[in-house]
Each structure stands twice: as structure tokens, then as C-alpha cells.
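Work through the exercises below with the model open. Each task is followed by its solution.

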Amino acid sequence: MAYSRYSIIKMGAKAENELRWANCAQEVTMGLKEAIKNKIKFTDVPGRGIVYFPKCHLCGNEVQSKSYNEKRQYTCNRCKGITKELKNEERVYKKEIRFARALDRLEDMVGNLTPYERAINLVKVNLHRPGWFASTEEIIMAFELIKNNIKVIHNQKIKRYRADFVLPDLKIVLEVDGEKYHNSDTRKREGIRDGEIILILGLDWRIVRVPTAYINKDVRKTMLLLKR
Ligand SMILES: [Zn+2]
């Protein structure tokens, strides 16, 4: 049924309601047909309508559902909980690995980690914040910024954007730039994003993009990019 929003408005509220009913009725019939075809158990509960019992795609136990669509995957609450827990554990584990890798790389680069002690501790206590430290290079970058006593806000929301690092005293938005997605399209989008961020923060702000290759080669030298 291809009714545009405009034609529905023209038809008025009554027609819209009728259309909604028609769509609803169609969905119910479809669901019922598919349930019968796929041998899905269902019962008609007075006052509640049809309740379906499709199987959980993970454990095979029955799941209660008010609708049925054969294209949908059903998951029981228990399996949902387990999946969520596993994903969380995986996230924590991945970040721990990232942190260890960043430390290793930094040590290879600079030798002595003593000047970085405060930085390492600060990153460590904030490591598992959601959305923070999305890459090994972001961690190394944070080590270097903090070691240089630069005030830094990580993963800062700026209207609809998110900046890797905001350095308020230097009026710099620092982005860690991976090489993989760099074509003219992303460049163009980056240009628009940078322009909007500058308009929000002020024309005296700068966006500095630090390629991950620089960070991995010698993160200390990236500090040169922050100088005006
Ligand atoms: Zn299950």
C-alpha cells in the first residue's frame, strides 16, 4: 500500500484511522498465516488477542510474543541476558588488551615510562567508560597529552559530533585519524564536520588531525602539530 504522508493528510483523520486498521489487520493475518505455515504454536487469549510462541533462536525454548513475523529472530529473556553479559565481558577484555598494547608500544618508543606514570594511571581508571579509548592510538595519544600537562577532555560531545580530544587551553580539537577510511567522500564529510565544530566552538579554535601512523612512529613528535 503506497500512500504518501501527503495523501493521508488530504484524506483526513478518519481515513488515516481506517488505513491504520487495514494495515494492522493485514499484519495480523500475515502473522497468523506465517505461524500456521511454520508450525508456530499460538493461542487466542480473550481480551489480549493472539499470543504466539515462537522458539528462541539460541536455546530453542518458547518465547511469548504478541505478533509473529517469520523474518524476525526471537530471543528469550534468559538468552538476552546472557548475550548482553558476554558482550560486556568482550568489551572489557578488548579494552584491557588495547591498554596493554598501548603500554607496550609506548615503552618501545620512549624507553622509560616513569614520566608517564600519572598519565598511565589516569587512563587506567577511566579505561572502561563507555565510548572512551576506542583504539590503541587514542590511548597512546592520551598518555602523551597528559604527560605534557595539557588539559584534555576525551570523547567530548559537540552538538551532534563527538571529538576524540578537546584541549580547551590550546583551543584545539584533536582527532586521531586512522588511515583506512580516507577517500574523497570521507574527506568532504570531515570538512563539513570540522567547519561546523569551529562554528560552534569559535573561529579561534583549530581542528588537528593526527594520523595513527605518526602516533605509532613517535607520539612525542605529534606535540609539534599542536604548536601554532
Ligand atoms: Zn533462549
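**Exercise 1. The hairpin**

Which residue in β2 does F42 stand opposite?

Solution. F42 stands opposite Y52 in β2. Now place the pair. Strand β1 covers residues 41-45 and strand β2 covers residues 49-53. The two pair in the antiparallel sense over five bridges. Strands here are DSSP runs of E with at least two residues, helices are runs of H or I with at least four, and both are numbered from the N terminus. Two strands pair if DSSP finds at least two bridges between them. Finish with the turn: three residues lie between the strands of this hairpin, and G47 takes a positive phi near 85° there.

Before going on, note the ground rules. Residues are numbered from 1 along each chain as its sequence is written. The model is predicted, so local features need pLDDT of at least 70 and side-chain atom pairs count only at pLDDT 80 or more, while totals for chains, interfaces and linings use all residues.

**Exercise 2. The open sheet**

Give the strand order of the four-stranded sheet and find its edges.

Solution. The order is β3-β4-β5-β6, and the pairing is mixed. β3 (153-158) and β6 (206-211) stand at the edges. Each has a single partner strand, so one side of each lacks a neighbour in the sheet. From one strand to the next, the twist averages 45°. Next, take one pair. Strand β5 (residues 172-177) runs parallel to β6, and six bridges join them. Within that pair, V173 has I207 of β6 as its bridge partner.

**Exercise 3. Two positive phi values**

Where do F133 and K171 lie, and is each buried or exposed?

Solution. Start with the background: most residues other than glycine have a negative phi. F133 is not a glycine, yet has a positive phi of about 50°. F133 lies in the loop between α4 (117-126) and α5. Count neighbours next. A residue is buried if 20 or more other C-beta atoms, placed from the backbone, lie within 10 Å of its own, exposed if 12 or fewer, and partly exposed in between. F133 has 22 and is buried.

Repeat for K171. Its phi is positive too, at about 55°, and K171 is not a glycine. K171 sits in the loop between β4 (161-167) and β5. With 13 other C-beta atoms within 10 Å, K171 is partly exposed.

**Exercise 4. Helices against α5**

Describe how α3 and α4 each cross α5.

Solution. First, α3. The axes of α3 (residues 77-110) and α5 (residues 136-147) come within 9 Å and cross at roughly 55°. Axes are lines fitted to C-alpha atoms, for helices over the stretch in contact, with angles from 0 to 180 degrees between N-to-C directions. α3 and α5 are therefore oblique; under 35 degrees counts as roughly parallel, over 145 as roughly antiparallel, 65 to 115 as roughly perpendicular, and the rest as oblique. Residues of α3 in the contact include F99, A102 and L106. Among their counterparts in α5 are I139 and F143. Contact means C-beta atoms, placed from the backbone, within 7 Å.

Second, α4. Its axis comes within 8 Å of that of α5, and the two cross at roughly 130°. That makes α4 oblique to α5. The α4 side of the contact includes I120, L122 and V123. On the α5 side, A142, F143 and I146 are among the residues met.

Technical notes: Contact = placed C-beta atoms within 7 Å.
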